[in-house]
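Dear colleague,

I am handing over to you the structure shown below, together with its sequence. My findings follow it, from the whole chain down to single residues.

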Amino acid sequence: MDVSTPTQLLCAIFLVVFVVSWYAEKRRRLPLPPGPKPLPFFGNLFDVPRSRPYLEYVKWAYRYDSDVLFIQLPSQPAVILNTVEAARDLLDKRSSIYSDKPQTVMDELVGWNWAIPTMPYGHRWRQSRRYFHQHFHAGAVHKYREMQTRGVRAYLRRQLEADGGKATTLSVMHLVSAVIMDVTYGIRIKGMDDSFVTEIQDAIISFNEMKVPGAFWVNVFPFLKHLPRWVPGVTFHRYGEMHRPRVAAVREHPFSQTVQDMEHGVAPPSVMQSLIQTIQKRYGDSKEYEEQEGFIKDAGSTAYGAAVETTYATICWFILAMAIYPQVQEKAQRELDHVIGRNRLPEYEDLDSLPYIQALVLESLRWIPNIPMGVPHRVLEEDEYRGYRIPKGSTMIPNIWAMCHEEADYPNPYVFDPERFLTKDWRINPEVRDPSTFVFGFGRRICAGRYFAKQSLFLTISSVLSVYNVRPMNGEDNKPLSLNISDYIPKEGLFLHPERLDCVFVPRSAQATKLIRQSVE
Ligand code: HEM
């Protein structure tokens, strides 16, 4: 169109304004996704249970006949995505607007702003994730197999010396912490009372507590942050002050240790050592150095924080599964004996010849997902999906629990059954949905440590089963306890891990005991 005269120009502007407002109005009239009716002011605050909300969201999906649900919380709208399809459509396919993360007052007060999974979508996230990715992408993680194998073998050995072979969550935490500290900082931790480990554990406890819906009213009503500390019932200032130094320590202490070791010429190869060298070479004494140093600190502390809680939980659920499903354990051991024999421990290179173990890893990720509601995203712009309006700024919650227990994908979803992933001729069945395509999250924010995690899980699961039988421990009547998995699933928190294991590791034979001893000098 030639808009050479003022009248034509005015017409063109009018037309554009008309089309834009017509479209905006049309969207405004679109309904929100279904969900429970909100109360004035409080919205759906009282509808969201503190305990296991992901189960309630599954019930709502049936009640409202929709896998996309809407709840209005006082400070923000939230959309729950109960199926892989809905999560992929929005968080993957429209990732240019769905990659932000919601921020809470408590995150700011406690100082969790260095954690990549909860960082806002922007410059800091891009830079820190780039540094992280350089060392944990699919082609990079093979470098860590030796350290992961060493960590697993030390774990097998510790179990040999454990009182009555008792399996504990602490010992699993030791395994995971030792490996990630070695890989990331070149630090060999001394034990679970090592300050590097206790700091991260304290920090994660605070993270988990803060994420319980309704645990801090200030997250729900951000204006409360202006209340002075002397007001009765105002505890968040004190909570922030108490946890802030510990959370900051997770970012600073191991980093300073690597710097110190490098200065003394004793730093073993590690991710952090390599990142420090990279930025020294690239930014030297320039004023950008400090900023870049901040990004690599973010990457290092996130590796440690994100790896420990997640991998640890999956290994704990695997141990409980083995005690509850002895027939699964026997099948896995039959495969290991057939492929590897009883005279050596598994290596990563055995993976392709062990389809049942591969299926067991997938089932361990699926059965009890360790982050049942993922790490929520936030949408940057108003959007439309299946005829519904998704308001700008909505918190997007992928209900990973619901996806893992979708009957259509996984018949009898509460049963631990690795065979669901195998074809009749014992290969991984490409027609069964692979849970590792969604338990690690979505889109641009997908877990950047997933290749490392899967490698750790394969090595741990195959090694434990090749030398140990996992059994329920005996109760007071001296008979094996009858374990019920729902007794172990915590009621609250962002992460799901059992509080205790109630299992023992029994060496499969004298030869197995010898192998374990020989594998650690
Ligand atoms: C079983 C083990 C693990 C599970 C199930 C898991 C799951 C997740 C999930 C659900 C997210 C959020 C994704 C999203 O926002 O959509 C995430 C983020 C992340 N995870 Fe993992 N994770 C695991 C292990 C690890 C390990 C071992 C590392 C480090 C070595 C790691 C590093 C990260 C990082 C850096 C992010 C942030 C990604 C971003 O926001 O850009 N994770 N993980």
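Contacts over long stretches of sequence are a suitable place to begin. Among the contacts in the chain with a separation of 6 or more, 73% are made by residues 24 or more positions apart. Please bear in mind that this is a predicted model.

**The chain as a whole**

The secondary structure consists of 17 helices and nine strands. For a chain of 521 residues, a compact globule would be expected to have a radius of gyration near 24 Å, and the 25 Å of this chain agrees with that. Along the principal axes, the box filled by the C-alpha atoms is roughly 95 × 60 × 60 Å.

Of the 521 residues, 55% count as buried. The area that the chain exposes is about 24,200 Å², and carbon and sulfur atoms contribute 56% of it. As to charge, there are 61 positive and 59 negative side chains. The centres of these two sets lie 1 Å apart.

**Helix α3**

Helix α3 covers residues 84–92, and its buried residues are V84, A86, A87, L90 and L91. These residues span an arc of only 160° around the axis, and they therefore lie on the same side of α3.

What do the buried residues of α3 pack against? Their partners include the strands β1 (68–72) and β2 (77–81). Further along the sequence, β4 (377–378), β5 (383–385) and β7 (395–398) also pack against them, as does helix α15 (400–404).

**Two single residues**

S364 is found in helix α14, which comprises residues 355–367. Is S364 buried or exposed? With a relative accessible area of 2%, S364 is buried, because the limit for a buried residue is under 20%. Apart from neighbours within four places in sequence, S364 is in contact with T314, F318, F416 and I461.

G294 belongs to helix α12, which comprises residues 288–324. The relative accessibility of G294 is 15%, and G294 therefore counts as buried as well. G294 and E252 are 42 residues apart along the chain, and 9.9 Å separates their C-alpha atoms.

I would suggest viewing helix α3 together with the elements that its buried residues pack against, and then turning to S364 in α14 and G294 in α12.

With kind regards

Methods. Residues are numbered from 1 along each chain as its sequence is written. This is a predicted model: local features need pLDDT of at least 70, side-chain atom pairs count only at pLDDT 80 or more; totals for chains, interfaces and linings use all residues. Side-chain values use heavy atoms; hydrogens and water are left out. Helices (H or I, at least four residues) and strands (E, at least two) are DSSP runs, numbered from the N terminus. The radius of gyration is taken over C-alpha atoms; the globule rule is 2.2 Å times the number of residues to the power 0.38. Buried means under 20% relative accessible area, exposed over 50%, partly exposed in between (1.4 Å probe, protein chains only). Contact means heavy atoms within 4.5 Å. Accessible areas come from the Shrake-Rupley method with a 1.4 Å probe; for residues, only the protein chains shown count as cover. Lys and Arg count as positive and Asp and Glu as negative; His and the chain ends are not counted. The place of a charge is taken as NZ of Lys, CZ of Arg, CG of Asp or CD of Glu. The arc is that of the directions from the helix axis to the C-beta atoms.
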